[in-house]
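The exercises below are meant to be worked through with the coordinates open, and each task is followed by a solution that proceeds step by step.

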Amino acid sequence: MRILLVEDEPEMAAALCSTLSQHDMVVDHAATLAEGAEAIEAPVHNAILLDRQLPDGDGLSLIPRLRARKHPAPVIVLTARGDVADRVTGLDLGADDYLAKPFAIDELLARLRAVLRRPAGLAPDILRAGRLEFDWRDRCASIDGATLDLPRRELLVLEALLRRRGRTVQRAALEEAVYGFDDEIQSNALDMHVSRLRRKLADAGAGLEIHGIRGVGYLLKQAM
């Protein structure tokens with residue numbers, strides 16, 4: 001899943017980016033309201049973590065822009081302002097949840113899972129195809145109950161293909177699912193991830209095949 005973090009405190013931003021990445025999330029970081037507004041122009045994020053006190057304005061002002069663009073991503077507001085009036089203001093503007101600083105990372109992850117389970121987020125919790133099951137909450141792929149050992153990038157490729165199984169996924173869409181705004185992408189990097197994933201699925205007898213569609217992208221379907 002891909003997360004937009006709008007946070008101006010460098011230490012907080014670095015810690016969150018690192019932790020969320022360790023949980024197999026692609027994180028795009030915006031340090032100002034202006035950068036956040038630019039980032040939401042492309043609706044590629046599954047959720048948004050939004051600080052209120054930004055150097056160029058109140059982060060809450062980003063929410064009406066999101067909703068005006070019919071951006072479906074749920075928003076969790078992160079702020080040192082924890083009183084009831086501030087929480088009510090944020091929720092009334094369209095925030096999906098509100099988390100006061102300081103907070104435990106486990107609570108943030110739990111709240112992310114909660115908002116992503118809602119209709120506008122990611123569903124269902126477990127994706128199934130062939131003999132494979134993928135639990136996006138636990139970031140675990142398994143075949144007949146046996147865990148399939150996949151590094152982060154291959155896991156993200158698998159998730160993106162599973163969510164669109166039976167349909168061709170364009171290269172650009174796969175790259176958006178796997179890489180952040182600031183990642184340097186080598187010309188053949190995506191193909192290498194797909195190739196390794198294809199081999200592992202075949203070796204494990206997943207009953208799935210990944211087909212390359214020349215000049216377009218990739219298609220995941222059940223093996224014949």
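**Exercise 1. Helix H6 and helix H8**

How closely do the axes of H6 and H8 approach, and at what angle do they cross?

Solution. The model is a predicted one, and the values below are computed from it. Two packed helices are described by the angle between their axes and the distance between the axes. For H6 and H8, the axes come within 9 Å and cross at roughly 80°. Because angles of 65 to 115 degrees count as roughly perpendicular, H6 is classed as roughly perpendicular to H8. On the H6 side, the contact is made by Arg-153, Glu-154, Val-157 and Leu-158, while H8 supplies Leu-190, His-193, Val-194, Arg-196, Leu-197 and Lys-200.

**Exercise 2. Helix H6 and helix H7**

Determine how H6 is oriented relative to H7, and list the residues through which they meet.

Solution. Begin with the geometry: H6 and H7 (residues 171-178) pack at an angle of about 130°, and their axes lie 9 Å apart. This angle makes H6 and H7 oblique to each other, and the crossing in which H6 passes H7 is right-handed. Then turn to the residues: Arg-153, Leu-156, Val-157, Ala-160 and Leu-161 of H6 meet Leu-174, Ala-177 and Val-178 of H7. Arg-153 and Val-157 thus appear in the contact with H7 and also in the contact with H8.

**Exercise 3. The three-stranded sheet**

Establish the strand order of the sheet that contains E12, E13 and E14, and find the helices that pack on it.

Solution. The order is E12-E14-E13, in an open sheet with antiparallel pairing. Strand E12 (168-170) and strand E13 (208-213) stand at the edges, each with a single partner strand, so one side of each has no neighbour in the sheet. From one strand to the next, the twist averages 25°. E12 and E14 (residues 217-222) are joined by three bridges and run antiparallel, and within this pairing Thr-168 has Leu-219 of E14 as its bridge partner. H7 packs on the sheet by touching E12 and E14, its direction making about 70° with that of E12. H8 (residues 189-203) also packs on the sheet, where it touches E13 and E14, and its direction makes about 155° with that of E13.

**Exercise 4. The five-stranded sheet and strand E3**

Is strand E3 buried or exposed, and which strands pair with it?

Solution. First place E3 in its sheet, an open one of five strands in the order E2-E1-E3-E6-E7 with parallel pairing. The edges are strand E2 (26-30) and strand E7 (97-100), each of which pairs on one side only, and the twist averages 20° from one strand to the next.

Next, follow the pairings. Strand E1 (residues 2-6) pairs with E3 in the parallel sense over four bridges, with Val-6 opposite Leu-50. Four bridges also join E3 to E6, again in parallel, and here Leu-50 stands opposite Val-77. Further along, E6 (residues 75-79) is joined to E7 by four bridges, and Ile-76 has Asp-97 of E7 as its bridge partner.

Finally, consider burial. In a regular strand the side chains alternate between the two faces of the sheet. In E3, Ala-47, Leu-49 and Asp-51 lie on one side and Ile-48 and Leu-50 on the other, and all are buried. Since five of the five residues of E3 (residues 47-51) are buried, the strand is largely enclosed by the rest of the structure.

**Exercise 5. The nonpolar cores**

Which residues of the largest nonpolar core touch the most other members, and which helix gives the most to this core?

Solution. The largest core has 51 residues, among which Leu-49, Leu-78, Leu-132 and Phe-134 touch the most other members. The helix giving the most is H6 (residues 152-163), with seven residues. A second, separate core of 19 residues includes Ala-39, Ala-73, Val-75 and Tyr-98. To look at one of the central names in detail, take Leu-78: beyond four places away in sequence, its contacts include Leu-5, Leu-16, Leu-49, Leu-99 and Phe-103.

**Exercise 6. Ser-21**

Where is Ser-21 found, and which residues does it touch beyond four places away in sequence?

Solution. Ser-21 is found in helix H1 (residues 10-22), and its relative accessibility of 25% makes it partly exposed. Leaving aside residues up to four places away in sequence, Ser-21 touches Val-27 and Arg-152. Ser-21 and Arg-152 are 131 residues apart along the chain, yet their C-alpha atoms are separated by 8.6 Å.

Note on methods
Residues are numbered from 1 along each chain as its sequence is written. Side-chain values use heavy atoms; hydrogens and water are left out. Two strands pair if DSSP finds at least two bridges between them. Helices (H or I, at least four residues) and strands (E, at least two) are DSSP runs, numbered from the N terminus. Axes are lines fitted to C-alpha atoms, for helices over the stretch in contact, and angles run from 0 to 180 degrees between N-to-C directions. A nonpolar core is a set of buried Ala, Val, Leu, Ile, Met, Phe, Trp, Tyr and Cys residues joined through side-chain atoms within 4.5 Å. Buried means under 20% relative accessible area, exposed over 50%, partly exposed in between (1.4 Å probe, protein chains only). Contact means heavy atoms within 4.5 Å. Angles under 35 degrees count as roughly parallel, over 145 as roughly antiparallel, 65 to 115 as roughly perpendicular and the rest as oblique. A crossing is left-handed if the near helix is turned anticlockwise from the far one by less than a right angle, and right-handed if clockwise.
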